[in-house]
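Reader: I am new to this structure. Please take me closely through a single part of it.

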Amino acid sequence: IQGRVYFQKVIENIGWLFFDKLFRMGVGLIVGIWVARYLGPEDYGTLGYAQAFVALFSTFASLGLDSIVIRDIVNEPSCRDESLGTAFILRLFGGFLTTIICLSIIYFLRPGDILTFYLIGIIAVGTIFQSFNVIDYWFSSQVQSKYTVYAQNTAFIIISVVKVFLIINKSSLIAFAWAALAEIIIGSLGLIFFYQFNGYSMHKWSISWIRAKKLLEQSWPLILSGLAIMIYMRIDQVMLGQMQGDFSVGIYAAAVKISEIWYFIPTAIVASLTPAIYNGKKISESLYYQRLQKLFDILVMIAYGVALLMTFSSGWLISWLFGNEYKSASSVLAIRGFCITPFFLKSVQ
C-alpha cells in the first residue's frame, strides 16, 4: 500500500462506504425491528408489500446508468457536466415513468385498496427525487464517496429519530411511508450541498440528446438485467401479498430484513474498485480479468461464510429480534441465507 496513492484512496473509499453501511445497518436494524414490533405482522406486511412492489419497477428509474456514467466520467473527465446533466434528465423521466407504472398496475391488482394505493404512490415518488443520485456518480468516479456518506447518513439519522417519534406517538402506517420519502428528499438535498461545497455547480450541467441516445443504447441490457434481479429479489413478497395476504408478507419480510443487511458488503467493495477495474482495462485485457477474478473470489468466500452463519442461527435470531409473533420467519431465513451468494456475484457482473 505504501507509496500507491490511488490504492490508498480506494482503501479509504471502501472504509467510508463500509462505515456508512455498517452504521445504517446497525441503527436501521434497531429502528426497523422496533417498527416491525410496533406495526405487527399485518401492517408491517402491508408496508413491505408496497416497498417490494415499487422495487420491482425501480430499474426503470435508475435505467442501469450507474456504471456506464461512472465509466464515461473516468474516460472523459471533460464531459462531466454533459454526462451528469444528461443522466439526470434520463433518471428524472425514469422516476416519473416508474411512479405511473406502479400506480397503474396496483389499481388493477388491488381495486378498492386505497391504503396500499397511497403507500405505493408515496414510496414511488421517491424514485423521482433519486434522480439527484447522479451526483454520487461523480463522487464515485473520483473515489470520494465520503460526501455521499455524509449526505445519506444525515438524512438517515434525522428520519430514524422521526420514526422513533412516530412509534412513541402511535402514528398511522401511512406516516412511515411519508418518512421514507422524506429521507430520500433530505439525502438528495445533502448531495446537492456537498457537490456545490466542492466547487461544482448543477447550473453548468448540460443535456445532449446524442449522449442520451448513446447511454440508453448501452444501458438497455443493464435495464433488463436489473429488472430480472429485482423480480428475483422482490416478486416473492408481491406474490405472497396477492395469494396469502399481508400477514404472510410481514412474516416473510422479517426474514428478508435480516438476510439483506449483508448486501452492503459487495456494494461497498464494488463501488470503490470499479474505477480501478476500468483503469486495468486501459492497461491490458489480462490485468482487467485478473482484477475481476480476485473480486469474484473475495466476495464468494464472504457470501458462503455469511450464509452458513444465518442458517445455523436463524431460530434464536428471529425470536430474539422480532419476538414470538414472527417466529415462523426463522425457517425462511435459514433458506434465504443462500440467496446472498448470487446477489454478491450479481454486484460484480
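**A close look at helix α9**

Author: Start just before the helix, where the backbone nitrogen of Arg211 lies 3.1 Å from a polar atom of the Ser208 side chain. That is a polar contact (a pair of N or O atoms within 3.5 Å; within protein, one must be able to donate a hydrogen and the other to accept it, and residues adjacent in sequence count only if both atoms are side-chain atoms). This is a predicted model: local features need pLDDT of at least 70, side-chain atom pairs count only at pLDDT 80 or more, and totals for chains, interfaces and linings use all residues. Residues are numbered from 1 along each chain as its sequence is written, and side-chain values use heavy atoms, with hydrogens and water left out.

Ser208 sits in the loop between α8 (173-197) and α9. Helices here are DSSP runs (H or I, at least four residues), numbered from the N terminus. Ser208 counts as buried, at 13% relative accessibility. Buried means under 20% relative accessible area, exposed over 50%, and partly exposed in between (1.4 Å probe, protein chains only). Leaving aside neighbours within four places in sequence, Ser208 is in contact with Glu82 and Thr86. Contact means heavy atoms within 4.5 Å.

Glu82 also meets Arg211. The two form a salt bridge, with the closest N and O atoms 2.6 Å apart. Glu82 lies in α4 (residues 80-109) and Arg211 in α9, so the pair ties together parts that are 129 residues apart in sequence. A salt bridge is a side-chain nitrogen of Lys or Arg within 4 Å of a carboxyl oxygen of Asp or Glu. Arg211 is buried, at 10% relative accessibility. Glu82 is partly exposed, at 26%.

Now follow the helix itself. α9 covers residues 209-243 and spans only 44 Å between its end C-alpha atoms. A straight helix of 35 residues would span 51 Å at 1.5 Å a residue. The expected span is 1.5 Å times one less than the number of residues. α9 has a kink of about 50°, centred on Arg234. The bend at a residue is the angle between axes fitted to the seven residues ending there and the seven starting there.

Asp236 forms a salt bridge with Arg336 (3.2 Å, N to O). This pair links α9 to α13 (residues 329-336), with the partners 100 residues apart. Both Asp236 and Arg336 are buried.

After α9 comes Gly245, whose phi is positive, near 95°. Asp246 belongs to a network of salt bridges with Arg110 and Asp113.

Conventions: Helix = DSSP H or I, 4+ residues; strand = E, 2+ residues; numbered from the N terminus.
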